[in-house]
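Q: Please take a close look at one loop position and the packing around it. I should like a connected account that starts from that position and works outwards to the rest of the fold.

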Amino acid sequence: MVALKVKGMTCNHCVKSVKEALESVEGSQDVRVDLGSGIAKIDGQVELDKLIAAIEEEGYSASAIA
Ligand SMILES: [Cu+2]
C-alpha cells in the first residue's frame with residue numbers, strides 16, 4: 001500500500017478526479033481518497049512516480065507519506 005498526501009483538493013469533485021487518476025495508473029487495484037485529511041491510499045504494484053504524475057496531471061500536487 002502506498003499513502004500520499006494530496007494538496008489542493010477542496011470538494012468531492014476533486015476527490016473523484018484524484019481517485020480516477022490514481023485508478024488509471026498501471027497496477028493500481030484499490031484507491032481510497034479522504035478529503036478531510038487529504039490522504040490517498042493505493043493498493044497494488046504501483047510506482048510512486050506514476051501516481052504523483054497522475055495527480056499532477058489533474059492539477060493537484062502530492063508527496064509520499066513516510
Ligand atoms: Cu473540488
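A: Apart from its neighbours within four places in sequence, V25 is in contact with V46, K50, L51 and A54; two residues are in contact when their C-beta atoms, placed from the backbone, lie within 7 Å. The model is a predicted one, in which local features need pLDDT of at least 70 and side-chain atom pairs count only at pLDDT 80 or more, while totals for chains, interfaces and linings use all residues. Residue numbers start from 1 along each chain as its sequence is written.

V25 belongs to the loop between helix 1 and strand 2. Helices (H or I, at least four residues) and strands (E, at least two) are DSSP runs numbered from the N terminus. V25 counts as buried because it has 20 C-beta neighbours inside 10 Å. The cut-offs are 20 or more other C-beta atoms within 10 Å for buried, 12 or fewer for exposed, and anything in between for partly exposed, with C-beta atoms placed from the backbone. One of its contact partners, K50, is 25 residues away along the chain, yet the C-alpha atoms of V25 and K50 are separated by 6.7 Å.

Two other partners of V25, L51 and A54, lead into the packing of helix 2. A54 lies in helix 2 and is buried, since 21 other C-beta atoms are within 10 Å. Beyond four places in sequence, A54 is in contact with A21, L22, S24 and V25. The C-alpha atoms of A54 and S24 are 8.1 Å apart, although 30 residues separate the two in sequence. L51, with the same sequence neighbours left aside, is in contact with V2, L4, L22, V25, I42 and V46. D49, also in helix 2, is exposed, because it has 10 C-beta neighbours inside 10 Å. D49 and G27 lie 22 residues apart in sequence, with 13 Å between their C-alpha atoms.

The two helices meet through V18, A21 and L22 of helix 1 and L51, A54, I55 and E57 of helix 2. Their packing angle is about 140 degrees, and their axes are 9 Å apart; axes are lines fitted to C-alpha atoms, for helices over the stretch in contact, and angles run from 0 to 180 degrees between N-to-C directions. Helix 1 and helix 2 are therefore oblique to each other, given that angles under 35 degrees count as roughly parallel, over 145 as roughly antiparallel, 65 to 115 as roughly perpendicular and the rest as oblique. The crossing of helix 1 past helix 2 is right-handed, that is, the near helix is turned clockwise from the far one by less than a right angle, anticlockwise being left-handed.

L51 also appears among the residues with the most contacts inside the largest nonpolar core, together with V6, V18, L22, A40 and I55. This core has 17 residues; a nonpolar core is a set of buried Ala, Val, Leu, Ile, Met, Phe, Trp, Tyr and Cys residues joined through C-beta atoms within 7 Å. At least two core residues come from each of strand 1 (2–7), helix 1 (12–23), strand 2 (28–34), strand 3 (39–44) and helix 2 (48–57). Helix 2 contributes the most, with four residues. In soluble globular proteins, nonpolar side chains tend to be buried together.

The strands form an open sheet of four, in the order 2-3-1-4 and with antiparallel pairing; two strands pair if DSSP finds at least two bridges between them. Strand 2 and strand 4 (61–64) are the edge strands, each pairing on one side only. On average, neighbouring strands are turned by 25 degrees against each other, direction ignored. Strand 1 and strand 3 are antiparallel over four bridges, and V2, a contact of L51, stands opposite I42 in strand 3. Strand 1 also pairs with strand 4 in the antiparallel sense, again over four bridges, where L4 has A64 as its bridge partner. Strand 2 and strand 3 are joined by six bridges and form a hairpin with four residues between them. In the turn, G38 has a positive phi of about 75 degrees.

Helix 1 lies across strand 1, strand 2 and strand 3, at about 160 degrees to strand 2. Helix 2 packs on the sheet as well, touching strand 1, strand 3 and strand 4, and its direction makes about 160 degrees with that of strand 4.
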